[in-house]
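Here are my notes on this model, set out as numbered points. Please read them with the coordinates open.

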Amino acid sequence: MLHMGAMIGFFFTAQLVQSVYHWTPLQAGHAFLPMTLVNFVLAVQVPRLPERASRPTVLLTGVALTTAGMVWFSRFDLHTPYLTGLALPMVFIGADQGLVLAPLTSSGVDGVAPADAGAASRLVNTVHQIGSALSLSILTAVATTLSTSHGAADIAARSGAALTGSAVLLTLAVLTLIVPSPATRTERFL
């Protein structure tokens, strides 16, 4: 719920690139290619990773990368170049999505009886959706607390606040779910 909620912070990004860079919607869509490409490459490798690293290690690495990317991304302002202000942080965030989504989803159904696997899977997907909807409302409320006199500066400031909120949600996910206690972690991921 926290992870998917944090990822919804990208809702603000399309508005950001269109307002600050004056890009068309098509160009704004292309701005996400660095994240998408890294996501794809790593998602293909995820099934092989348990041979080299445990699931908690993969999850922690992925969420730590995206937290760093969100913090970096949240520092965006009117004078930030695309490459260093958006593309590079998106590489970190794409790494998270490639490393985390499948293991996170499978963790939600681990230990469930085969007869209940469908219900558990639906519950995991429902929690993803609830996390996204709830977080979008929270991040929008956070974003509206900032206001400047200039349209593009206003959107950049609001987007930065929302993405900072996303980084906070990711930090909460790490602290409460991925690194709880050694005993709980061992039981959960065996």
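1. Burial. Of the 190 residues in the protein, 39% count as buried. Keep in mind that this is a predicted model.

2. Fold class. The protein has nine helices and zero strands. Read along the sequence, the pattern is α-α-α-α-α-α-α-α-α. The radius of gyration is 17 Å, close to the 16 Å that the globule rule gives for 190 residues, so the protein is as compact as a globular protein of that length.

3. Extent and contacts. The C-alpha trace spans about 55 × 30 × 30 Å along its principal axes. Take the contacts between residues at least 6 apart in sequence: 75% of them join residues at least 24 apart.

4. Surface and charge. The accessible surface comes to about 9700 Å². Carbon and sulfur atoms hold 69% of that surface. The protein carries 8 positive and 7 negative charges, and the mean positions of the two sets are 2 Å apart.

5. The core. Which residues touch the most other members of the largest nonpolar core? They are F10, M70, F73 and L86, in a core of 30 residues. The elements that give two or more residues to this core are α1 (2-7), α2, α5 (55-74), α6 (82-109) and α8 (151-178). Helix α8 gives the most, with seven residues.

6. M70 in detail. M70 is one of the four residues named for the core. Leave aside its neighbours within four places in sequence. M70 is then in contact with A6, M7, F10, I93, L163, S166, A167 and L170. Note F10 in that list, since F10 is also named among the residues that touch the most other core members.

7. S166. Is S166 buried or exposed? S166 is buried, with a relative accessible area of 0%. S166 is found in helix α8. Not counting residues up to four places away in sequence, S166 touches A6, G9, M70 and L139. A6 and S166 both appear among the contacts of M70. For a longer distance, try S166 and T105: these residues are 61 apart along the chain, and their C-alpha atoms are separated by 19 Å.

8. R158. Helix α8 also holds R158. R158 has a relative accessible area of 23%, so it counts as partly exposed. The cut-off for buried is under 20%. What does R158 touch, not counting residues up to four places away in sequence? The answer is A143, T144, L146 and S147. T145 is 13 residues from R158 along the chain, and the C-alpha atoms of the pair are separated by 7.8 Å.

9. S137. This residue has its place in helix α7 (residues 117-143). S137 counts as partly exposed, at 43% relative accessibility. Where does S137 sit relative to G5? The two residues are 132 apart along the chain, yet their C-alpha atoms are separated by 9.8 Å.

10. A backbone point to check. H22 lies in the loop between α2 (11-20) and α3 (25-30). Phi of H22 is near 60°, a positive value in a residue other than glycine. Most residues other than glycine have a negative phi. H22 is exposed, with a relative accessible area of 65%.

Key
Residues numbered from 1 in each chain as written. Predicted model: local features only at pLDDT ≥ 70, side-chain atom pairs only at ≥ 80, totals over all residues. Heavy atoms only, no water. Helix = DSSP H or I, 4+ residues; strand = E, 2+ residues; numbered from the N terminus. Rg over C-alpha atoms; globule rule 2.2 N^0.38 Å. Buried < 20%, exposed > 50% of the residue type's maximum accessible area, 1.4 Å probe, protein only. Contact = heavy atoms within 4.5 Å. Areas by Shrake-Rupley, 256 points an atom, 1.4 Å probe, with all protein chains shown as cover. Lys, Arg positive; Asp, Glu negative; His and termini not counted. Charge placed at Lys NZ, Arg CZ, Asp CG, Glu CD. Core = buried A, V, L, I, M, F, W, Y, C linked by side-chain atoms within 4.5 Å.
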